[in-house]
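Biologist: Please take a close look at a single part of this model. I would like one connected account, starting from a helix and its surroundings.

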Amino acid sequence: MEEKGITKDRVFELLRNYKKRDMTHRSGRILGSMCTCPHEVGLKAYHMFLESNLGDPGLFQGTKTMENEVIATLGQLLGKSDVYGHIITGGTEANIMAMRAARNMCRIEDPEIIVPKSAHFSFKKAADILCLNMREAQLDSQYRVDINSVKELISDKTVAVVGIAGTTELGKIDPIEELSDICLEREIFFHVDAAFGGFSIPFLNQVGYDLPKFDFSLPGVCSVTIDPHKMGLAPIPTGGILFRDKSYLDVMSVETPYLTEENQSTIVGTRTGASTAATWALLKHLGSEGYQKIASRCMELTKLLSQGIKDTGFQLITEPQLNIVAFTGEGIAPCDIAKLLDEKGWAVSIASHPKSVRIIVMPHVKEEHITAFLEDLKDIRY
Ligand SMILES: *Cc1c(COP(=O)(O)O)cnc(C)c1O
């Protein structure tokens with residue numbers, strides 16, 4: 001650190017130089033991310049509440065009220081208005097909280113969790129932090145979790161089973177209803193990771209899609225992860241964790257001596273209220289209709305993109321269920337396709353199971369970007 005500070009103008013000039021090196025969602029060039037351009041209404045609300053700390057909610061009762069309202073609205077969207085939860089940093093923190101609740105409900109030796117092979121890596125972190133053994137269930141031919149594999153892995157050590165509504169790599173929806181039945185019957189905590197799908201599946205179904213049930217309307221579902229900073233258009237970092245019952249929060253709660261609340265169940269202490277304000281504002285401003293339009297537009301462009309990819313002679317890994325397209329090309333490795341696309345300015349990502357080029361058609365991706373992308377894809381075809 002320098003002894004003397006520099007002028008504000010100089011600071012911002014330097015900041016702009018760094019910012020120039022960042023990619024922007026607006027450019028349409030980011031095709032491999034689940035984040036997107038935050039909606040302006042969310043940004044404005046976020047900015048208004050930068051000082052608010054939900055780690056000490058007695059001081060910020062307005063924000064706390066908004067958090068309760070957001071949780072209730074998300075609960076309604078997911079089949080149950082009286083749910084309990086928090087707006088946190090993202091899917092990772094939500095999944096860690098869910099696994100912590102499940103483990104604390106049981107308090108057994110050598111606890112195990114069962115996650116699909118397609119699960120997000122946050123469960124590895126959760127397992128490590130919480131000292132859980134993670135068992136991976138196999139997938140079926142459509143890359144959804146294989147029910148029999150889950151059944152085989154269940155033992156008296158199982159404290160939680162995880163199902164995914166919108167897998168990170170391929171956007172697949174596991175057979176949540178069947179998993180719910182199995183867990184209900186065996187009295188096992190069942191968590192649904194809808195970090196990606198939570199803000200699109202319900203809205204797509206409202207406009208006539210026929211996507212499978214995945215939420216609290218299924219009686220075995222104990223908790224759901226839903227990320228407003230993905231398809232919810234909220235600024236980063238905004239995640240959501242919802243529990244069916246308050247007892248799941250209670251088993252994680254610790255006393256907080258010097259704060260305005262007596263107990264705290266979240267992992268972090270000081271926690272921004274800005275994310276809550278942004279989500280609250282967006283739910284009000286966009287309404288179901290707004291989110292229906294966003295989700296269906298992404299699906300229409302997904303169809304356009306997958307058709308284009310097939311027409312160009314590449315192979316889809318699977319027909320997209322949500323707005324994620326994964327493909328490979330004969331005689332060329334996915335990472336080489338990605339490298340060639342990168343040279344043309346496209347930032348795609350690589351899926352690992354199976355190895356493929358992965359594109360997430362997020363709301364910042366417009367038709368003109370897809371058309372330009374397909375032109376460039378044609379060029380790299382031999
Ligand atoms: C993105 C994602 C996560 C992780 O969320 P972060 O917000 O990146 O922490 C977890 N699960 C699924 C299914 C995801 O798609």
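Which strands and which helix do the buried residues of H11 pack against?

Modeller: This is a predicted model. The buried residues of H11 pack against three elements of the strand type, E11 (324–328), E12 (349–352) and E13 (355–360), and against helix H12 (367–380). Helix H11 itself runs over residues 334–343. Its buried residues are Pro334, Ile337, Ala338 and Leu341. Viewed down the axis of H11, these buried residues fall within an arc of 100 degrees, so they line one face of the helix. The spacing fits a general rule: an α-helix has 3.6 residues a turn, so residues three or four places apart point the same way. On the other side of H11, Lys339 and Glu343 are exposed; exposed here stands for a relative accessible area over 50%, buried for one under 20%.

After H11 comes Gly345, with a positive phi near 95 degrees. Further along, the loop between E12 and E13, two of the strands that H11 packs against, holds Pro354. The peptide bond from His353 to Pro354 is cis, and its omega is near -10 degrees.

Another cis peptide bond joins Ile236 to Pro237, with omega near 0 degrees. Pro237 sits in the loop between strand E6 (223–226) and strand E7 (239–243).

Positive phi values also occur in residues other than glycine. Arg107 has phi near 50 degrees and is placed in the loop between helix H4 (91–106) and strand E2 (112–116). Arg107 is exposed, at a relative accessible area of 60%. For Tyr143, phi is near 65 degrees; the loop that holds Tyr143 lies between strand E3 (133–137) and helix H6 (147–153). Tyr143 is partly exposed, with a relative accessible area of 23%.

The ligand is the remaining item. It is surrounded by 15 residues, of which Gly91, Thr92, Asp193, His229 and Lys230 are the closest. Three contacts to ligand oxygen atoms can be given with distances. From Thr92, a polar side-chain atom lies 2.6 Å from an oxygen atom of the ligand. From Gly91, a backbone N or O atom lies 2.9 Å from a ligand oxygen atom. From Lys230, a polar side-chain atom is placed 3.0 Å from an oxygen atom of the ligand. On its own, the ligand has 380 Å² of accessible area, and the protein covers 86% of this.

Terms used
Residues are numbered from 1 along each chain as its sequence is written. This is a predicted model: local features need pLDDT of at least 70, side-chain atom pairs count only at pLDDT 80 or more; totals for chains, interfaces and linings use all residues. Side-chain values use heavy atoms; hydrogens and water are left out. Buried means under 20% relative accessible area, exposed over 50%, partly exposed in between (1.4 Å probe, protein chains only). Helices (H or I, at least four residues) and strands (E, at least two) are DSSP runs, numbered from the N terminus. The arc is that of the directions from the helix axis to the C-beta atoms. Contact means heavy atoms within 4.5 Å. A residue is near a molecule or strand if one of its heavy atoms lies within 4 Å of it. A polar contact is a pair of N or O atoms within 3.5 Å; within protein, one must be able to donate a hydrogen and the other to accept it, and residues adjacent in sequence count only if both atoms are side-chain atoms. Accessible areas come from the Shrake-Rupley method with a 1.4 Å probe; for residues, only the protein chains shown count as cover.
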